[in-house]
Amino acid sequence: MGFTLGSVVAGMLAARPSWRLVGLLMVCVVGGAVINSVGKVVWVGVSDRVEGRLREDVLLAAIRQPLAVLSEQAVGEILDRVDDDSHEVGALLRSQVWMLAGIVLGTIPMWIVAGATWWPAVVLFPVLAVVTWYAVRKLLAELAGRKVVEEIAWTDHTAVLEEGIAGRDDLRTSLGQAHVLLRVARLSAVVHEKFNSRVSVDSRIARRAGVLLQSLGSSLLSTAAFLWRGW
């Protein structure tokens, strides 16, 4: 709300400069930044507690498994489930969910202001969002599939690495260190390959959505400015 009101005040300031509007703009922008920072700190604390609780639950579930089941799983795979998966969920909450909430909470008041300023924006902005989503939806499904494949590659790499660490004494005596290093190197290459494959889809989504949003948004603003000036 603070950032949205700040954009409104900035427009008023451009039309009729005054120190009162400068002070009001400072209150909106600084106030919005302070509220955003405080909210982010609180949210990170909540996310950390959720991550810790999830890690504890997964660890207890692993410990309660029968020994016959545990013996069939690599040490690295269990550690990857307990530690890395929990960290991924925590990172998702701390960054992506927070960003999504900010976009949703920021877009609604901006949409209202845009509609009050130029009534066609009430219809055109949702249409723009739908068009953008339709343009990237197939890439989103592809991205999800490649992310799963990447996580599988990471799990295989971690399993071999942790197994080598757990059996390092036996590897020294049996001269098997070179074999483990070769497997880790090969799996590292696979991880880099899958990561690059996933990032390529990420960049395509960003380019397609960014160019489309900027182009259509600029067109709408130019049309609105032309019609307003003509009127």
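The following exchange goes through a predicted model of a protein chain and asks how its descriptions were reached.

Biologist: What makes the secondary structure of the protein chain a matter of helices or strands?

Modeller: The secondary structure of this predicted chain comes to seven helices and zero strands, and read along the sequence the pattern is α-α-α-α-α-α-α.

Biologist: How do you know how the protein chain stands against a compact globule of 231 residues?

Modeller: The radius of gyration of the protein chain is 26 Å, whereas a compact globule of 231 residues would have one near 17 Å. Along its principal axes, the C-alpha trace spans about 85 × 35 × 30 Å. As for the surface, about 16,000 Å² is exposed, with carbon and sulfur atoms supplying 70% of it, and 22% of the 231 residues count as buried.

Biologist: What share of the contacts between residues at least 6 apart in sequence joins residues at least 24 apart?

Modeller: Among those contacts in the protein chain, 75% join residues at least 24 apart.

Biologist: Why is Glu 150 called buried?

Modeller: The relative accessible area of Glu 150 is 3%, and buried means under 20%, so Glu 150 counts as buried. This residue lies in helix α5, and, not counting residues up to four places away in sequence, Glu 150 touches Lys 194, Phe 195 and Arg 198.

Biologist: Why is Arg 146 called partly exposed?

Modeller: Arg 146 has a relative accessibility of 25%, and the partly exposed class lies between the buried limit of 20% and the exposed limit of 50%; Arg 146 therefore counts as partly exposed. Arg 146 lies in helix α5, residues 121–166, and, leaving aside neighbours within four places in sequence, is in contact with Ser 197, Arg 198, Ser 200 and Val 201. Arg 198 is thus named among the contacts of Arg 146 and also among those of Glu 150.

Biologist: How far is Arg 146 from Trp 19 in space?

Modeller: From C-alpha to C-alpha, Arg 146 and Trp 19 are 54 Å apart, with their places 127 residues apart in sequence.

Biologist: Why does Ala 209 count as buried?

Modeller: Ala 209 has 16% relative accessibility, and the buried class takes values under 20%, so Ala 209 counts as buried. The place of Ala 209 is in helix α7, and, not counting residues up to four places away in sequence, Ala 209 touches Thr 132 and Val 136. The C-alpha atoms of Ala 209 and Trp 133 are 8.0 Å apart in space, although the two residues are 76 residues apart in sequence.

Biologist: Why is Leu 221 called exposed?

Modeller: The relative accessibility of Leu 221 is 59%, and exposed means over 50%, so Leu 221 counts as exposed. Leu 221 is found in helix α7, residues 177–230, and its C-alpha atom is separated by 9.4 Å from that of Ala 121, which is 100 residues apart from Leu 221 along the chain.

Biologist: How do you know that the reach of helix α1 is close to what is expected?

Modeller: Helix α1, residues 2–15, has 14 residues and reaches 20 Å from its first C-alpha to its last, which is close to the 20 Å expected at 1.5 Å a residue. The buried residues of α1 are Thr 4, Gly 6, Val 9 and Leu 13.

Biologist: How far apart are the mean positions of the positive and negative charges?

Modeller: The protein chain has 23 positive and 21 negative charges, and their mean positions are 14 Å apart.

Key
Residues numbered from 1 in each chain as written. Predicted model: local features only at pLDDT ≥ 70, side-chain atom pairs only at ≥ 80, totals over all residues. Heavy atoms only, no water. Helix = DSSP H or I, 4+ residues; strand = E, 2+ residues; numbered from the N terminus. Rg over C-alpha atoms; globule rule 2.2 N^0.38 Å. Buried < 20%, exposed > 50% of the residue type's maximum accessible area, 1.4 Å probe, protein only. Contact = heavy atoms within 4.5 Å. Areas by Shrake-Rupley, 256 points an atom, 1.4 Å probe, with all protein chains shown as cover. Lys, Arg positive; Asp, Glu negative; His and termini not counted. Charge placed at Lys NZ, Arg CZ, Asp CG, Glu CD. Expected span 1.5 Å × (residues − 1).
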